[in-house]
Amino acid sequence: MIRFDGAAKRHPDGTVAVAGLDLEVPAGRITVLVGPSGCGKTTILRMVNRMVEPTSGRVLLDDTDVTRLPAAKLRRGIGYVIQQAGLFPHRRVIDNIATVPYLLGWERKKARARAAELLELVGLAPETAKRYPFQLSGGQQQRVGVARALAADPPVLLMDEPFSAVDPVVRAGLQEELLRLQGELNKTVLFVTHDIEEAVRLGDQVVVLREHGLIAQLADPHTLLTAPADESVAAFLGRDRGLRGLGLRSAAGVAVRPLTDTSQYGSWDLTREAEGRPANWLAPDGSTHPAPAFHPGTDTLRTALDAAVLSVAGLAVAVGPDGRAVGTADRAAVLAALADDRDRPVSTHGR
Ligand SMILES: Nc1ncnc2c1ncn2[C@@H]1O[C@H](COP(=O)(O)OP(=O)(O)O)[C@@H](O)[C@H]1O
Ligand SMILES: [Mg+2]
């Protein structure tokens, strides 16, 4: 666990970067710091690995004041990922990943074997190992950055806007990957972003900051979206926060009508492929239209509602794990699941 205990940073020029932060970052969870540019996020993060020393207050790592630990030793136990990955340009990917193991004095062979393992863990092909950073896409570089941070299996991971410089599609993939990794590794993650969407997607707890590192709200994503502490937090969350909340809820609770119950189809007919996968909605005039689908077990209510809204028949097709159509749900059924779910805390990551 990381604890900020009145931790403050005032620069010699008088700038108060962080006025005094009290915060607990629980072990094994993802805590996201989110707030506008200049509000002190990076300063807070760097107080943990002593790249910034507090001018008053303390930062405790498992009850030890970090200033009492030798900086080099402290940093080897903390993975650090930054925006442009911060890779060494003149080193091959494999040696970039093995940076900390080398520093720890591991034998070259063992360090490289570990690096190869991590390459696979973050979803990169083995041949990536021999490349230089400039030969990789932005998304691949970020994956290498994450692999490098994980190399010595540190219990703590600091991530400073790691996915901000890549395009939205790649970013979504990296977020997905981080959640999958975290499901396996259970690190204590302190993640910084200015993107509220990313914050609610990744965070077990989300800390909304305003200037000088002051906490505007600390909550789980669902509470944040449904009960913002004040007008400024609500404004920061944006106008469609209700809809985004749908993205945090499992579609498992949607009442699905079996395919045999065709009473709700109206004049539409659902055609299927030989293996039972949904194919199209067939109109009486013989024209066919896409049949948007959702997986109740793994998708969110947002996906289910989206499918129902996009469907010409007004019905989302529910498909089982094997891809076979099992039934349909209309928009009302999706919204009814939301109402049922309202008072229940959410499984943040659809896990
Ligand atoms: N070395 C410095 N000297 C003076 N002010 C600084 C210094 N470093 C950062 N700041 C100021 O501290 C505030 C917080 O910076 P930072 O933690 O980088 O914010 P964020 O990461 O949220 O964008 C900003 O106003 C920034 O200009
Ligand atoms: Mg920053």
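Me: In this predicted model, which residue of β2 is the bridge partner of aspartate 5?

Reply: The bridge partner of aspartate 5 in β2 is aspartate 22.

Me: What makes β1 and β2 a pair of strands?

Reply: Seven bridges join β1 to β2, and the two run antiparallel. Pairing requires at least two bridges, so β1 and β2 count as paired.

Me: How do you know that β4 pairs with β1 and also with β5?

Reply: Strand β1 (residues 2–10) and strand β4 (residues 56–61) are linked by five bridges in the antiparallel sense. Arginine 3, for example, has leucine 60 of β4 as its bridge partner. On β4 and β5 (residues 64–65) there are two antiparallel bridges, and leucine 61 has threonine 64 of β5 as its bridge partner. The requirement is at least two bridges; two bridges therefore suffice for β4 and β5.

Me: Why are β2 and β5 called edge strands?

Reply: The open sheet has four strands in the order β2-β1-β4-β5, with antiparallel pairing. Within this order, β2 (16–25) and β5 each pair on one side only, and such strands are the edge strands.

Me: What is found between β4 and β5 in their hairpin?

Reply: Two residues lie between the strands, and aspartate 62 takes a positive phi near 45 degrees.

Me: Which strands does α1 lie across, and at what angle to β1?

Reply: Helix α1 lies across β1, β2 and β4, running at about 120 degrees to β1. Helix α1 (residues 41–48) also provides the largest share of the shell around ligand 1, namely three residues.

Me: What makes the approaches of cysteine 39, threonine 42 and threonine 43 to ligand 1 polar contacts?

Reply: A polar contact is a pair of N or O atoms within 3.5 Å. A backbone N or O atom of cysteine 39 is 3.2 Å from an oxygen atom of the ligand. For threonine 42, a side-chain N or O atom is 2.8 Å from a ligand oxygen, and for threonine 43 a polar side-chain atom is 2.5 Å from one. Each pair therefore qualifies as a polar contact. Alone, ligand 1 has 570 Å² of accessible area, of which the protein covers 60%.

Me: How many residues of each class form the shell around ligand 1?

Reply: The shell has seven polar, three nonpolar and two charged residues. Among the surrounding residues are His11, Asp13, Pro36 and Lys41. Asp13 and Lys41 count as charged because Asp and Lys belong to that class.

Me: Why is the pairing of β11 with β17 accepted?

Reply: Two bridges join β11 to β17 (residues 325–330), and the strands run antiparallel. At least two are required, so the pair is accepted. Proline 258 has glycine 327 of β17 as its bridge partner.

Me: What is the strand order of the sheet that contains β11?

Reply: The order is β11-β17-β16-β15, in an open sheet of four strands with mixed pairing. Its edge strands are β11 (257–258) and β15 (293–294), each pairing on one side only. Helix α12 (residues 301–310) packs on this sheet, touching β15, β16 (315–319) and β17, and its direction makes about 130 degrees with that of β16.

How values were computed:
Residues are numbered from 1 along each chain as its sequence is written. Chains are lettered from A and ligands numbered from 1 in the order in which they are written. This is a predicted model: local features need pLDDT of at least 70, side-chain atom pairs count only at pLDDT 80 or more; totals for chains, interfaces and linings use all residues. Side-chain values use heavy atoms; hydrogens and water are left out. A residue is near a molecule or strand if one of its heavy atoms lies within 4 Å of it. A polar contact is a pair of N or O atoms within 3.5 Å; within protein, one must be able to donate a hydrogen and the other to accept it, and residues adjacent in sequence count only if both atoms are side-chain atoms. Accessible areas come from the Shrake-Rupley method with a 1.4 Å probe; for residues, only the protein chains shown count as cover. Contact means heavy atoms within 4.5 Å. Axes are lines fitted to C-alpha atoms, for helices over the stretch in contact, and angles run from 0 to 180 degrees between N-to-C directions.
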